[in-house]
Each structure stands twice: as structure tokens, then as C-alpha cells.
Amino acid sequence: MSRALLFLGVVSAVAAAQPAEELFHLKVRPVIERDCQGCHGGHMALSKLDLRTRESMLKGGLRGPSVVPGDARASLLIQALEGKDPKLQMPPGGPDKRLPAGTVAAFRAWIDGGAPWPEGESAGKWDYKEEDLWAFRPVRPRDRAKTIDSYIQAALAGAGLKPAPPAERASLLRRLTFDLTGLPPKPEELEAFAKDRSPDAWKRQVERLLAAPEYGERWGRHWLDVVRYAD
């Protein structure tokens, strides 16, 4: 017996010795979240395969059920992880992207053990408190006198440079309009802004463009690219 076969046999025996539910929590679920759900979960479900719940795995995608509880050999998920079929290899990217043998053995043992999955629990479930996330914490600058502009001005002074003069109103509106909508401002918009000298003129221009349908269309295209809408 070759060393490779002996190693695979030992790995499979070790994985099979663990309870299937324990394998799911320790080895299967983390891999599904990290390596699988980017293409098979949420807004993206390539081949119409969603791996976020046990029910969706049993339902499968265009090729049929991805998991057959109690029979790893008949499960498409195992066939994909093993990568023996060139048309069914996951994760994609060639041999270098293959999961370790121990991980594949854990998936195999989990399925042979009935593919247990805690009822109502999604592999994509987050366990966190809102106050633990930095994005929800209030911004508390150490020194309120230090703004972004102060750092920029200090860097310019250190390099012996001076700030550029203030842009003309027409240039400002062109920059804002291109940035938010990807389109140039209309002549009448430029003319109206040139005549508007009220203190909140700039604020109203920003709010006008943020409320424009063109703003949503421009940024919606970025997310359509993320979910591969063109595919």
C-alpha cells in the first residue's frame, strides 16, 4: 500500500470516528461559510445551488441534490470536492485550490452520518452583538481640532507645496455630477447654480443628485457586476 493511500485511510478513519454533528460544527460548517457560500448562497447561487441550509442542499441545483444523507458516495457535493470530474470541481481553480484531504474526509463522514444540521440554523448565521461591530460605534475623534484637511495641509507644507486655489462653481458642479451620476451636468443646471448664491446652494445640489434616478442607476450597476448579472 502506498503512503498516500495509507494517509488517506488514516484521515478517513479519524474523521469517521467523530460524531457527525460534531464534525459539522468543527469542520464542515466553517468551510461552507468560508469557501462555498461566496458562489452558492445569498444573492449568488451558481447553478441554482444554495448551501446555506440543509434543506437547500438536499434540494440541490441544476444537477440535482448536492447531498444524499447517509450516502457520501452518491452525493454530488463529495464528487465536486474530490475533483475527479473536470466538469465538477469545487472550489474552482485547479489542484492548488483543492481542500485538504482531511477536510474532504470530514465532509464524507458527516454525510455518511446522516448530514445532521441543527434545525433552523443557517450556515451563514452571524453570532454577534451590534455594539461589538466597529461600524455601529459612534465616531469619537481623539482631537476634534484635527480634521482630514489639517493632515493634508500639514503634508503639503512639509513638501513645500501650496493648496490649489478653490475651483470655480461650474467645475465643482461638474465634478459632483460626474461622481454621483456618471453624467455631465445639463447647461440649465450649470446656469442655475451659477446664479444661486444662497448659503445652502451646494447642499441642495448634493441632495438633488442623490435623489436623482441616475444616481441609483450608476451605483446599481456596480452591484449588478458583483452578482454577475451579465452572466
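Which side chain meets that of E82 in a salt bridge? In this predicted model, the partner is R108, and the two side chains meet with an N to O distance of 2.8 Å.

**View 1. The salt bridge between E82 and R108 links distant parts of the chain.** E82 belongs to helix α4 (residues 76-82), whereas R108 belongs to helix α5 (residues 101-112), and the two residues stand 26 residues apart. E82 counts as partly exposed at 28% relative accessibility, and R108 is likewise partly exposed, with a relative accessible area of 25%. This pair is one of the eight salt bridges that the structure holds.

**View 2. D50 and R52 meet through their side chains in a salt bridge.** The N to O distance of this pair is 2.8 Å. D50 has a relative accessibility of 18% and therefore counts as buried, the limit for that class being under 20%, while its partner R52 is partly exposed, with a relative accessible area of 33%.

**View 3. A network of salt bridges links D196, D200 and R204.** Within this network, the side chains of D200 and R204 meet at 3.4 Å, N to O. D200 counts as partly exposed at 35% relative accessibility, and R204 counts as partly exposed at 36%.

**View 4. W223, L224, V226, V227 and Y229 make a nonpolar surface patch.** The patch covers about 560 Å². One of its members, V226, lies in helix α10, which spans residues 213-226, and V226 is partly exposed, with a relative accessible area of 48%.

Technical notes. Residues numbered from 1 in each chain as written. Predicted model: local features only at pLDDT ≥ 70, side-chain atom pairs only at ≥ 80, totals over all residues. Heavy atoms only, no water. Patch = residues over 30% accessible without salt bridge, like charges linked within 9 Å, V, L, I, M, F, W, Y side chains within 5 Å. Areas by Shrake-Rupley, 256 points an atom, 1.4 Å probe, with all protein chains shown as cover. Salt bridge = Lys/Arg side-chain N within 4 Å of Asp/Glu carboxyl O. Helix = DSSP H or I, 4+ residues; strand = E, 2+ residues; numbered from the N terminus. Buried < 20%, exposed > 50% of the residue type's maximum accessible area, 1.4 Å probe, protein only.
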